[in-house]
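Work through the exercises below with the sequence and the model in view. Each task is followed by its solution.

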Amino acid sequence: MADNKRRDDDGDDRLDDEIVDDVADDDASDADEPVSRGGTATRSRARAESADSRPTTRSETGRVGVFGRIARFFREVVAELRKVIWPTRKELLTYTAVVVAFVAVMLTIVGVLDFGFAKVVLFVFGNSD
C-alpha cells in the first residue's frame with residue numbers, strides 16, 4: 001500500500017522527482033544557452049570541449065617562461081580583485097568596530113583567567129617571598 005503512494009497514477013515505478021528531472025533534461029537539450037542551475041548544461045559544454053580539444057594559445061601548451069608566468073599571475077590577480085564586492089565606508093567602520101570590540105572582550109577574558117590562575121598557583125605552591 002505504501003508503494004502505491006510513491007508511484008504515479010499510470011503505474012510508473014519512478015519517483016516524482018525523477019520524472020521532473022526527465023522533463024527538465026528535455027527542456028534543457030532544446031536550449032542553446034547553458035542553464036545556471038544543476039548539471040543540465042554539461043552535455044553541450046562537453047561537445048564544445050571535445051571539438052576544441054587541442055590548445056590554441058601558447059600559454060595553454062605549458063611552455064611559458066618565468067616572466068610570462070609572473071605576468072599571467074598578476075593579470076589573474078587583477079581579474080579576481082575586480083570581482084570582489086568591496087564594502088562601503090560605513091560597512092568597513094562597522095566591521096572594524098565589531099572586530100575591535102570582540103578582541104577587547106576576549107583580551108579581558110584571557111587576562112582575568114590568567115590573573116586568576118596565577119593567584120591559584122601562588123596559593124597552592126606558596127609565595128616565594
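**Exercise 1.** Count the salt bridges, taking a side-chain nitrogen of Lys or Arg within 4 Å of a carboxyl oxygen of Asp or Glu.

Solution. The count by this rule is one salt bridge. It joins the side chains of K83 and E80, at 3.1 Å from N to O. The model is predicted: local features need pLDDT of at least 70, side-chain atom pairs count only at pLDDT 80 or more, and totals for chains, interfaces and linings use all residues. Residues are numbered from 1 along each chain as its sequence is written, and side-chain values use heavy atoms, with hydrogens and water left out.

**Exercise 2.** Place K83 and E80 in the fold and state how exposed each one is.

Solution. Both belong to helix α4 (residues 66–83), and because they are three residues apart, about one helical turn separates them. Helices here are DSSP runs of H or I with at least four residues, numbered from the N terminus. Relative accessible area (1.4 Å probe, protein chains only) under 20% means buried, over 50% exposed, and in between partly exposed. K83, at 59%, is therefore exposed; E80, at 46%, is partly exposed.

**Exercise 3.** Check the length of helix α5 against its expected span, 1.5 Å times one less than its number of residues.

Solution. Helix α5 covers residues 89–125, which is 37 residues, so it should span 54 Å; its end C-alpha atoms lie 53 Å apart, in agreement. Just after α5, G126 has a positive phi of about 85°.

**Exercise 4.** Compare the UniProt "transmembrane region" with the model.

Solution. The unreviewed UniProt entry puts this feature at residues 92–125; such annotations may be inferred rather than shown by experiment. Over residues 92–125 the chain is 100% helix and 0% strand, with end C-alpha atoms 49 Å apart.

How values were computed. Helix = DSSP H or I, 4+ residues; strand = E, 2+ residues; numbered from the N terminus.
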